[in-house]
Amino acid sequence: MKHLLFIIFMSMSLFFTACQSPSPETFFGKVVLNTNLVADFAPERYGKQLEQETVEFADMPSSKKVGDEAQKSVGIKIQIVEKALKDIKELNVSDADAKALKEQSIALFEKVLPVYKNEYTAYAKLCDGKGSAEEKQALLQKIEKNDMPSINEVFDNVYTLGKAYAEKHNLNVNWGN
């Protein structure tokens, strides 16, 4: 009987511990600081990064590429974003400020993820396959025109809500201003 009571007590303790809200520092780290994972999302920045994945130098045999480096880079980025999104969704929040911040952070990651999976994956294939500059530029322009305005808006919302959350919880944050 003692063992059964002990198991019930431990199970309930674990359940209540799992349901608790994270500390403000942990919450802030997952919903605001993790947005740094997509800080290089803009086409001019990420496109250049993917291009550099495929650069070979004739006088450096070690720079010889296999042909899928840019695609692997996008694949890794997708995995990182999916993990961050999963972690954010699993957070338990109780106050309205944290809930709004969590929702905006989820919205940001849900907006960038399909672009990584579709446009940036297509761009990476063009980079790896030495596609034409015109095709690559068209994809980057599509992202800039169709996706960046709404992504920038959500990113700004996360930043604004994050700043208020940090002040409310007295978190020591350097915003780079």
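This report describes helices, buried residues, ring pairs and two loop residues in one protein structure. The structure is a predicted model, and its residues are counted from 1 along the chain.

**Helix 4 and the residue Ile88**

Helix 4 is made of 21 residues, and the distance from its first C-alpha to its last is 30 Å, which is close to the 30 Å expected at 1.5 Å a residue. A good number of names appear when its buried residues are listed: Glu69, Ala70, Ser73, Val74, Lys77, Ile78, Val81, Ala84, Leu85, Asp87 and Ile88. An α-helix has 3.6 residues a turn, so residues three or four places apart point the same way. The buried residues of helix 4 pack against helix 2, helix 3 and helix 5.

Where does Ile88 lie? Its place is in helix 4, which covers residues 69-89. Ile88 has a relative accessibility of 0%, and because buried means under 20%, Ile88 counts as buried. When residues up to four places away in sequence are left aside, Ile88 touches Lys30, Val31, Lys102, Ser105, Ile106 and Phe109. The C-alpha atom of Ile88 is also separated by 8.4 Å from that of Phe27, although the two residues are 61 residues apart along the chain.

**Helix 2**

Phe27 belongs to helix 2, residues 24-31, where Phe27, Phe28, Gly29 and Val31 are buried. Which helices do the buried residues of helix 2 pack against? They pack against helix 4, helix 5 and helix 7. Val31, one of these buried residues, is also among the residues that Ile88 touches.

**Aromatic pairs**

The count of aromatic pairs in the model comes to 6. One of them joins Phe41 and Tyr116, whose ring centres are 5.2 Å apart and whose planes stand at 85°, so the pair is edge-to-face. This pair links distant parts of the chain, since Phe41 is in the loop between helix 2 and helix 3 (43-52), whereas Tyr116 is in helix 5, 75 residues apart. Phe41 is buried, with a relative accessible area of 3%, and Tyr116, at 0% relative accessibility, counts as buried as well.

Tyr46 and Tyr120 form another aromatic pair, also edge-to-face, with 4.7 Å centre to centre and 80° between the planes. This pair, too, links distant parts of the chain, with Tyr46 in helix 3 and Tyr120 in helix 5, 74 residues apart. Both Tyr46 and Tyr120 are buried. Taken together, ring pairs link Phe41, Tyr46, Tyr116 and Tyr120 into a cluster.

**Two exposed residues with positive phi**

The table below turns to two residues outside the helices discussed so far.

| Residue | Phi | Relative accessibility | Place |
|---|---|---|---|
| Lys130 | near 55° | 55% | loop between helix 5 (96-128) and helix 6 (133-146) |
| Asn170 | near 55° | 70% | segment after helix 7 (148-168) |

Is Lys130 buried or exposed? With a relative accessible area of 55%, Lys130 is exposed, because exposed means over 50%. Asn170, at 70% relative accessibility, counts as exposed by that cut-off. The phi of Lys130 is a positive value in a residue other than glycine, and the phi of Asn170 is likewise positive in a residue other than glycine.

Note on methods. This is a predicted model: local features need pLDDT of at least 70, side-chain atom pairs count only at pLDDT 80 or more; totals for chains, interfaces and linings use all residues. Side-chain values use heavy atoms; hydrogens and water are left out. Helices (H or I, at least four residues) and strands (E, at least two) are DSSP runs, numbered from the N terminus. Buried means under 20% relative accessible area, exposed over 50%, partly exposed in between (1.4 Å probe, protein chains only). Contact means heavy atoms within 4.5 Å. Rings of Phe, Tyr and Trp (its six-membered ring) pair if their centres lie within 6.5 Å; planes under 30 degrees apart count as stacked, over 60 as edge-to-face and the rest as tilted. The expected span of a helix is 1.5 Å times one less than its number of residues.
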